[in-house]
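Me: I'm new to reading protein structures. Could you walk me through one, feature by feature?

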Amino acid sequence: RLCERSNFIFAKITTKRFKWIGVTLYAIHAAGIFLNLVVFTANYGTMPITTKSMEAMYGKGACEDSTSLKYDGQVHACADTTTRLPALADRFLVTLPTRGKEIWSIGDILGYTGIGALFCFVIAFLVPIYIRDLMKKHSP
């Protein structure tokens with residue numbers, strides 16, 4: 001039944017009425033993932049973090065201790081003069097209620113914004129339509 005419900009929701013996203021909203025939000029999410037992939041690839045498999053962000057999160061001299069670190073399941077490196085595409089590096093310090101402090105890039109912001117907005121769109125607009133159609137189907 002869950003698969004049936006999710007198929008309904010994604011079918012509604014692609015209908016003429018809602019297609020431009022769903023496609024736009026997916027595109028925003030995909031753009032964020034693409035930007036992260038580009039900077040990750042350009043820096044030989046590491047995601048650069050600006051020195052300022054590292055010091056704000058871990059204290060002064062955080063980049064001097066190590067050039068490469070494991071953070072949030074990925075290999076990150078402090079940005080320096082050899083860093084490619086430094087504008088796309090992790091640089092924004094974000095505090096989340098459930099996860100604490102994190103450092104995000106422009107790609108992260110676009111990715112989370114796109115998928116979050118899509119989720120809100122589904123909950124606010126498509127679930128009520130699904131419930132209405134379900135009640136029509138089962139009413140006498």
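**Starting at the surface**

Reply: Sure, and keep in mind that this is a predicted model. Let's start with the nonpolar patch: helix 5, residues 106-138, gives the largest share of the patch, three residues.

Me: Which residues make the nonpolar surface patch?

Reply: Phe92, Ile106, Ile109 and Leu110 make the patch, and it covers about 270 Å².

Me: Where is leucine 110, and why does it count as partly exposed?

Reply: Leucine 110 sits in helix 5. Partly exposed means between the buried cut-off of 20% and the exposed cut-off of 50%. Leucine 110 has 30% relative accessibility, so it counts as partly exposed.

Me: What about aromatic rings: how many aromatic pairs are there?

Reply: You look for rings whose centres lie within 6.5 Å, then check the angle between their planes. Here the count is one aromatic pair. Tryptophan 104 and tyrosine 112 form it, with 4.8 Å centre to centre and 40 degrees between the planes, and the pair is tilted.

Me: Is tryptophan 104 buried or exposed?

Reply: Tryptophan 104 has a relative accessible area of 15%, so it is buried. Tyrosine 112, at 41%, is partly exposed.

Me: And the whole chain: what is its secondary structure?

Reply: You'll find five helices and five strands. Along the sequence, the pattern reads α-α-β-α-α-β-β-β-β-α.

Me: How much of the chain is buried, and how much area is exposed?

Reply: Of the 140 residues, 34% count as buried. The chain exposes about 9200 Å², and carbon and sulfur atoms supply 67% of that.

Definitions and conventions: Residues are numbered from 1 along each chain as its sequence is written. This is a predicted model: local features need pLDDT of at least 70, side-chain atom pairs count only at pLDDT 80 or more; totals for chains, interfaces and linings use all residues. Side-chain values use heavy atoms; hydrogens and water are left out. Patches are made of residues with over 30% relative accessible area and no salt bridge: like charges are joined within 9 Å, nonpolar side chains (Val, Leu, Ile, Met, Phe, Trp, Tyr) within 5 Å. Accessible areas come from the Shrake-Rupley method with a 1.4 Å probe; for residues, only the protein chains shown count as cover. A salt bridge is a side-chain nitrogen of Lys or Arg within 4 Å of a carboxyl oxygen of Asp or Glu. Helices (H or I, at least four residues) and strands (E, at least two) are DSSP runs, numbered from the N terminus. Buried means under 20% relative accessible area, exposed over 50%, partly exposed in between (1.4 Å probe, protein chains only). Rings of Phe, Tyr and Trp (its six-membered ring) pair if their centres lie within 6.5 Å; planes under 30 degrees apart count as stacked, over 60 as edge-to-face and the rest as tilted.
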